[in-house]
Structures are given as structure tokens and as C-alpha cells.
Amino acid sequence: DRQLEFGRIVEGQMRLSRAGEIAVSCWQEIPDHHVGVELDAFVVMPNHVHGLIALTGAGLQPDDTPPTEDAKTHEDARRDRIYPVPDTMYGVPTQRSHQREGVSLSTVVGTYKAAVTRTVNRQLGTTGSLWQPRFHDRIVRLRDPDELAALRRYIAENPVRWPQDRERPSS
């Protein structure tokens, strides 16, 4: 409902609430729980987040170019490996002790949102979800460094644009 759960914008700077701090902490833990995932630019806004995630797992070619022979050999060697993951995922015991590479973006985002909600509810004594049921995604082609730079800049400058943000509740 566009509630300002994660903090407030003060003079163009995001001031995190405890829920916002948890959102940052869970974001930073994503690579610890998902093999083949790298984090890039990220910002917590008062009622949503923006972040860039690179999926680098086996079989993924983010720029849609055919892999080179060296890359094919490396990917073939990595594809069948199983990687251990911690006994807990975002503080909750896991049922699996191993994870294969090639996790989907939906899985990463879904577990992130669940982890933030679970941790906020546990630590702050609240109930319910903090998120809308879906998320907006966009594929960034690595062969277009200008597009990636523009998205990084957009994320970094988002708090300054808060007064015009369509996710901002009416005053």
C-alpha cells in the first residue's frame, strides 16, 4: 500500500528505518545463498528498492553472445559441480544442503523479499508482507556499457528524485 516502511528521504538522502536496515542486510547476503549471483548498484527507498543483479551461473550468457571455446570448457566444468550452502538461508534452516548453479531471478527476488519480511516481522513484532506480489525487471545487455552506467546512475540518484516518484504516496 506504498507505506513508508523502509525509512524517509531527508534532503535528498535516504534515512533507513530498522526495516530499511534489514532490507540492506538481506540484500548483501544474497550471494551467500545463491551460487552464480553477483550484486551491483542498490538503493532502499521508503517503500521499495532498486537493485541490479547479475546472474552468472552455468549456462547463462547475459549478453546473448555465443560462448567462446574457452568459456564452453569452463562452463561445462562448472555445470555439474554442486556447491554447499549454509545450513540456514537468511536465518531460517534450509531443507537442502547443496544448490546447483543457475538460479533464476524470480527465485533470488522471491527469497530476498521473503527474508526481509520474515526478519522484519520477527525483529519488529509485526505481521504480513512488505511487498507487492510481483517485481519489475529489465535485462541489461553487457555489450551496452552506456545503458548499465545510466541504470547505475538512476539507482544512485533515486533518493533525490523522491518528490517526483510515482511510488511516493500522496501527501
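# Asking how we know: helix H4 and its surroundings

Trainee: I've started at Leu148, which sits in helix H4. What kind of model am I looking at?

Mentor: A predicted one, so keep that in mind throughout.

Trainee: Okay. Why is Leu148 called buried?

Mentor: Check its value against the cut-off. Leu148 has a relative accessible area of 18%, and buried means under 20%. So Leu148 counts as buried.

Trainee: What does Leu148 touch, apart from its neighbours within four places in sequence?

Mentor: Leu52 and Val140. Leu52 is 96 residues away from Leu148 in sequence, yet their C-alpha atoms are 9.2 Å apart in space.

Trainee: Next one along: what makes Glu147 buried?

Mentor: Glu147 is also found in H4. Its relative accessible area is 17%, and the limit is under 20%, so Glu147 is buried. Not counting residues up to four places away in sequence, Glu147 touches Arg138, Ile139, Val140 and Arg141.

Trainee: How do you know that the length of H4 fits what is expected of a helix?

Mentor: Compare two spans. H4 covers residues 145–157, which is 13 residues, and from first C-alpha to last it reaches 18 Å. At 1.5 Å a residue, 18 Å is also what you'd expect.

Trainee: Which residues of H4 are buried?

Mentor: Glu147, Leu148, Leu151 and Ile155. They cover an arc of only 100° around the axis, so they sit on the same side of H4.

Trainee: Why do residues three or four places apart point the same way?

Mentor: Because an α-helix has 3.6 residues a turn.

Trainee: And what is on the face of H4 turned away from its buried side?

Mentor: Exposed residues: Pro145, Asp146 and Ala156. On the buried side, the cover includes strand S3 (37–44) and strand S4 (49–55).

Trainee: Gly51 lies in S4. What makes Gly51 partly exposed?

Mentor: Its relative accessibility is 38%. Buried would need under 20% and exposed over 50%, so Gly51 falls in between and counts as partly exposed. Leaving aside neighbours within four places in sequence, its contacts are Trp27, Ala41, Phe42 and Ile155. Gly51 and Leu151 are 100 residues apart in sequence, but 9.3 Å apart from C-alpha to C-alpha.

Trainee: What about just past H4? Why is Asn158 called buried?

Mentor: Asn158 belongs to the segment after H4. It has a relative accessible area of 2%, which is under the 20% cut-off, so Asn158 is buried. Leaving aside neighbours within four places in sequence, Asn158 is in contact with Val43, Met45, His48, His50 and Asp165.

Trainee: Let's try two helices together. Why is H1 called oblique to H3?

Mentor: The axes of H1 (residues 18–33) and H3 (residues 105–124) come within 9 Å and cross at roughly 140°. Roughly antiparallel would need an angle over 145 degrees, and roughly perpendicular runs from 65 to 115. An angle of roughly 140° fits neither, so H1 is oblique to H3. The crossing is right-handed.

Trainee: Which residues of H1 meet H3?

Mentor: Arg18, Ala19, Ile22, Ala23, Cys26, Trp27 and Ile30. Among the residues they meet in H3 are Val108, Tyr112, Ala115 and Val116.

Trainee: How do you know that the span of H3 agrees with the expected one?

Mentor: At 1.5 Å a residue, its 20 residues should span 28 Å, and the end C-alpha atoms are 28 Å apart, so the two agree. The buried residues of H3 include Val109, Lys113, Thr117 and Asn121, and the buried set packs against H1, S3 and S4. After H3 comes Gly125, with a positive phi near 70°.

Trainee: Which residue has a positive phi although it is not a glycine?

Mentor: Glu11, at about 50°. Glu11 lies in the loop between strand S1 (7–10) and strand S2 (13–16).

Trainee: What makes Glu11 exposed?

Mentor: Its relative accessible area is 80%. Exposed means over 50%, so Glu11 qualifies.

Trainee: Zooming out, how many helices and strands does the protein have?

Mentor: Four helices and eight strands. From the N terminus they run β-β-α-β-β-α-β-β-β-β-α-α. Of the 171 residues, 33% count as buried.

Definitions and conventions: Residues numbered from 1 in each chain as written. Predicted model: local features only at pLDDT ≥ 70, side-chain atom pairs only at ≥ 80, totals over all residues. Heavy atoms only, no water. Expected span 1.5 Å × (residues − 1). Buried < 20%, exposed > 50% of the residue type's maximum accessible area, 1.4 Å probe, protein only. Arc of directions from axis to C-beta. Contact = heavy atoms within 4.5 Å. Axes fitted to C-alpha atoms, helices over the stretch in contact; angles between N-to-C directions. Left-handed = near helix turned anticlockwise from the far one by under 90°.
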